[in-house]
Amino acid sequence: MSGHSKWSTIKHAKGAADAKRGALFTKLIKEISIAASMGGGDASSNPRLRAAIVKAKAASMPKDNIERAIKKGTGELGGGTYEELVYEGYAPGGVAVLIEVLTDNKNRAAANVRNILTKNGGNLGTTGSTSRMFERKGVIEMDAEKASEEEVMEVAVGAGADDVTNEDGVITITTDPSAFEGVVEAITAKHDAGLSPKQEETPESEKWATLSAAVSMVPFQYTAVDAETAKKVQKLLDKLEEDDDVQNVYSTVEYPDDFDPEA
């Protein structure tokens, strides 16, 4: 669930929807559960839970999974107690990294994050060393091959979005965190209106489908790297995301235009 790269470049969102779906759902369930645990299971009065549900729906998580995750958080189904942690560090090339963790074992999580960083050419930083390089923003991504940039801009800006860009086959909508939910709801309404009477996807509904939607940490500035360094950075970020305790990974990396993470 990286928040540092365009969907088309690293393909985290699409990869998660395929081979990585199970791992993504595990992280989303933890996020929903802790939100419900802290603020209750009523999404209408729990903004954090609403945001977690929006993210889960954008990843096509079934409604039943979401409901079970909420019940785990409220204690109706039992479940572990998670602690939220944030680690800051650097990847190869001086790329800043911000790592959000949800864990039931703080010592294990700290050791794993440190080991992944050091074994892949990075290092753990001190508190505040990299967090100041990011700002919290709502980020919604849509497939530019299906969606109309003009229509998306009209709906998104009308609902309070700050900006809409079209790059590398992805339409990216950015919002203030306070406006995120309203923009997602406006786009979701368009998607739902395009469904068939049997609630099946149609070309019109697919046009308004989101690739990802989350309140993320977005860099103020990016760190450009060459192709060789890009591979090292990508390997490190992937290893972090594969860890069960790691919830989100953000970085300042700017990959070369021709960079292929699959090569």
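Here are some questions and answers about this predicted model.

User: How many helices and strands does the protein have?
Analyst: Let's start with the overall make-up. The chain has 263 residues, and 45% of them count as buried. Its secondary structure comes to ten helices and ten strands.

User: What percentage of the contacts between residues at least 6 apart in sequence join residues at least 24 apart?
Analyst: Take the contacts in the protein between residues at least 6 apart in sequence. The share of these that joins residues at least 24 apart is 70%.

User: In what order do the four strands of the open sheet run?
Analyst: Start with β1 (residues 83-91), which is joined to β2 (residues 95-103) in the antiparallel sense by nine bridges. β1 also pairs with β3 (residues 123-124), again antiparallel, over two bridges. Put β9 in as well, and the open sheet reads β3-β1-β2-β9.

User: Which strands stand at the edges of that sheet, and why is one side of each left without a neighbour?
Analyst: The order is β3-β1-β2-β9 with antiparallel pairing. A strand with a single partner has one side left without a neighbour in the sheet, and that holds for β3 and β9.

User: Which residue of β3 stands opposite tyrosine 90?
Analyst: Follow β1 along and you can tick off its partners. On the β2 side, tyrosine 87 faces isoleucine 99, and glutamate 88 has leucine 98 as its bridge partner. On the β3 side, tyrosine 90 stands opposite asparagine 123.

User: Which residue in the hairpin of β1 and β2 takes a positive phi?
Analyst: Strand β1 covers residues 83-91 and β2 covers residues 95-103. That leaves three residues between the strands, and the one with a phi near 80° is glycine 93.

User: Which element gives the largest share of the lining of the second largest pocket?
Analyst: This pocket holds about 500 Å³ of space and has 23 lining residues, with Glu31, Arg48, Ala51, Arg136 and Val215 nearest its centre. Elements that each supply at least two lining residues include β1, β2, α8 (177-193), β7 (210-219) and β9 (246-251). The largest share, six residues, comes from α4.

User: How many residues in the lining of the second largest pocket are charged?
Analyst: Split the lining by class and you get 13 nonpolar and three polar residues. Glu31, Arg48 and Arg136 are among those nearest the centre. The charged count for the lining is seven.

User: How much of the accessible surface belongs to carbon and sulfur atoms?
Analyst: The protein's accessible surface comes to about 13,100 Å². Of that, the part belonging to carbon and sulfur atoms is 48%.

Technical notes:
Residues numbered from 1 in each chain as written. Predicted model: local features only at pLDDT ≥ 70, side-chain atom pairs only at ≥ 80, totals over all residues. Heavy atoms only, no water. Pairing = 2+ DSSP bridges. Buried < 20%, exposed > 50% of the residue type's maximum accessible area, 1.4 Å probe, protein only. Contact = heavy atoms within 4.5 Å. Areas by Shrake-Rupley, 256 points an atom, 1.4 Å probe, with all protein chains shown as cover. 1 Å grid on protein atoms, 1.4 Å probe; cavity = no way out; pocket = protein on both sides within 12 Å on 5 of 7 lines; lining within 4 Å. Points joined across faces, edges and corners; volume = space filled by probe spheres on them. Nonpolar A, V, L, I, M, F, W, Y, C, P; charged D, E, K, R; others polar.
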